[in-house]
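Let's take a walk through this protein together, from its overall build down to individual side chains. Have the model open beside you as you read.

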Amino acid sequence: MSKDIFVFAEQRDGKLQNVSYELIGEAASLAQDLGQKVVAVLLGDKVKQYGDELIKFGADEVIVVEAPILKEYMTEPYAKALTAVIRDRNPEIFLIGATSIGRDLAPRISARIKTGLTADCTALCIDPDTKLLMMTRPAFGGNLMAIIRCKDHRPQMATVRPGVMQPMEKDLSRTGKVERFQVKFDDRDINIEILEIVKKTKTAADITAAKCLVSGGRGIGNKEYFGELRELAELLDGEISSSRAAVDAGWMDKERQVGQTGKTVRPELYLACGISGAIQHVAGMENSNTVIAINKSETAPIFGVSDLGIVGDLRAIIPRLKEAVKKAKNEGMSYTAPAAEQHIGLENILYNVQKEIAYLTINRPRQLNALNQKTLREIGSVADKLKEDKLVKVLIIRGAGGRAFVAGADISEMQEMTEEEGREISRLAQSVFTKIKELPQIVIAAINGFALGGGNELAMACDIRIASSRSKFGQPEVGLGLIPGFTGTQRLSRLCGSGAAKQMIFTADKWSAEEALRVGLVDVVVPPEGLMRTARDLALKIMSKSMNAIKLAKKAINEGLRLEFRQGLLVENECWAKCFAADGDGHEGMTAFTEKRPANFDHPPRRA
């Protein structure tokens, strides 16, 4: 019987490649859904000492195949060794990095063991019903995303490009088993002779390792303007990169291309200048912690995945941005940029508005966006601002990075709390989440990764919850000697029923997105790469209707839930009647219907 998730741990010259850590981190998440182990397979000569490192990054076991013939990569010996391991151990899933080695190795192994291979995956998750691996990859030139399953053959094999997944934090306390696996090699396994290894000296920095990228596209106009972008990148201690259009035009080297046919990056800051945001480019940068886009077209798709969008001429904006960065570096934290009063300057969240849609991003990715008191107060300050904002119609809440929406409360802050201090943080969170629930705007939670504890409670405060297929939900507090205290015991039972609420709380289990969908905890489940696009499209669809009517409907639903049924009907009746008021939209909507024309809810003719 097939079991466990195996990962090829690629090493070169005795150095483990980053993609190995990334795949082990992803395998650990998949293994939780299957109740299985993560096994790393390490090939090379005298490499067993690296086994402990792989365990500290998430592997439960490490299988080591050592032989002099494996010192340098050659297709036949490596393929023979991995095939032998697979036939002996019969894994359920086998993951390989889509590097030059992995692209050469994976198809040969899949052919020898007669199983399928899905190449260049951008997302992996487990189907909660069939327990099959759902492998998402671009198809038809990247214009759509295909989900592929391997029903009849084992192992289920996939290659994943470097930078797509996120490694786990190194845990020095983790222990596991490192074992040798013997493979007999002979002269027939050497079908090529390596005469010399010439290492190419890289003249360009590795953009996948950069903390900040300033990226240019066709919209910058010419090759020379990359000089301006390079100056900005240097001020930000970053590197320059580009879209495919700039590479095809001969403006930038292929090594600096971001996207489906270039490299996948995950910097702290990605500044997109003159890039439209084609799906092929977005596939390579959408997991950046913070994305700022500058484009003269307000309908550019890049704004759909941006934390902050600037509509305007980048040739006017970039010089001013460089000047502001210089002043900020000289003056330090006391520096305030011109017109900064139009934005909320906060430490743990990002907030911006684009075309009547507000985006609130919990921005603590290294802490999996865990909620501390400062973050809660900052969310509350945004809610206070939105309550009085007549222009914003929809708020989308999301988490920075690719691993978590919000993975709970910040335990490090609460460990030494007294009873009274515990009561105070609970009151603070309950107050903030109630503000979110009672906002006049429609609030959408865009959930990618963990929504645990306070994160699940924040999501429940939103009107609509859209989850990526890799999301995990849960209330793990009882495992820590706590109970949900940020509205969870009350809101979860009202949303999903007391039975489902008690099961989630009492067991502290993590539920998949599909399980959450079944009990009504989320409303829509989509592939990870389509999450923000789906949230934005839903926001635009809502905004195309009568916002007055939608706000009244929200009020009737929310207030009615707190009342006995007949009293709830009175609230509904009052909200219904307001649709016919002079400042309501009912007359315009009904008149437009009878006249067979689109309703003008933004500027309807008002009745005297």
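A residue is called buried here when its relative accessible area is under 20%. Keep that cut-off in mind, because we can apply it right away to a strand in this predicted model. In strand 11, which covers residues 156-160, five of the five residues are buried, so the strand is largely enclosed by the rest of the structure. In a regular strand, side chains alternate between the two faces of the sheet. Strand 11 lets you see this: Q156, A158 and V160 point one way, M157 and T159 point the other way, and all are buried.

What does strand 11 pair with? One partner is strand 6, which runs parallel to strand 11 over five bridges. Another is strand 7 (residues 117-121), also paired in the parallel sense, over three bridges. M157 is a handy landmark for both pairings: F94 stands opposite M157, and L117 stands opposite M157 as well.

F94 leads us on to the aromatic side chains. The structure holds six aromatic pairs. A pair of aromatic rings is described by the distance of the centres and the angle of the planes. For F6 and F94, the ring centres are 6.3 Å apart and the planes meet at 35°, so this pair is tilted. The two residues come from distant parts of the chain: F6 sits in strand 1 (residues 5-9) and F94 in strand 6 (residues 93-97), with their positions 88 residues apart. Are these two rings buried or exposed? F6 is buried, with a relative accessible area of 1%, and F94 is buried too, at 0%.

A second pair has another geometry. The ring centres of Y73 and Y78 lie 4.9 Å apart with their planes at 70°, so the pair is edge-to-face. Y73 counts as partly exposed, at 22% relative accessibility, whereas Y78 is buried at 4%. Ring pairs also bring in F8, which forms a cluster with Y73 and Y78.

Now let's turn to another sheet. Look for an open sheet of six strands, arranged in the order 18-19-20-22-24-27 with mixed pairing. Its edges are strand 18 (349-354) and strand 27 (524-526), each of which pairs on one side only. From one strand to the next, the twist averages 20°. At one edge, strand 18 pairs with strand 19 (residues 357-362) in the antiparallel sense over six bridges, and here L350 stands opposite T361.

Which helix packs on this sheet? Helix 16, made of residues 531-543, touches strand 19, strand 20 (394-399), strand 22 (442-447), strand 24 (464-468) and strand 27. The direction of helix 16 makes about 165° with that of strand 22.

For a look at the setting of a single residue, try I318 in helix 8 (residues 314-331). I318 counts as buried, at 0% relative accessibility. Leaving aside neighbours within four places in sequence, I318 is in contact with Y225, L229, L232, C273 and I294. I318 and M532 are 214 residues apart in sequence, and their C-alpha atoms are 27 Å apart in space.

C273, one of those contacts of I318, brings us to the cysteines. A disulfide is a covalent bond between the sulfur atoms of two cysteines. How many disulfides does the structure hold? The count is zero. C150 is in no disulfide, and the nearest cysteine sulfur, that of C121, is 12 Å away. C212 is likewise in no disulfide, with the sulfur of C273 the nearest at 9.9 Å. C150 counts as buried at 11% relative accessibility, and C212 counts as buried at 4%.

Finally, step back to the whole protein. It has 19 helices and 27 strands. Its radius of gyration is 27 Å, close to the 25 Å that the globule rule gives for 608 residues, so the protein is as compact as a globular protein of that length. Taken along the principal axes, the C-alpha atoms fill a box of roughly 95 × 60 × 55 Å. Of the 608 residues, 50% count as buried. Among contacts with a separation of 6 or more, 67% come from residues 24 or more positions apart.

How values were computed. Residues numbered from 1 in each chain as written. Predicted model: local features only at pLDDT ≥ 70, side-chain atom pairs only at ≥ 80, totals over all residues. Heavy atoms only, no water. Phe/Tyr/Trp six-rings, centres within 6.5 Å; stacked < 30°, edge-to-face > 60°. Helix = DSSP H or I, 4+ residues; strand = E, 2+ residues; numbered from the N terminus. Buried < 20%, exposed > 50% of the residue type's maximum accessible area, 1.4 Å probe, protein only. Disulfide = S-S within 2.5 Å. Pairing = 2+ DSSP bridges. Axes fitted to C-alpha atoms, helices over the stretch in contact; angles between N-to-C directions. Contact = heavy atoms within 4.5 Å. Rg over C-alpha atoms; globule rule 2.2 N^0.38 Å.
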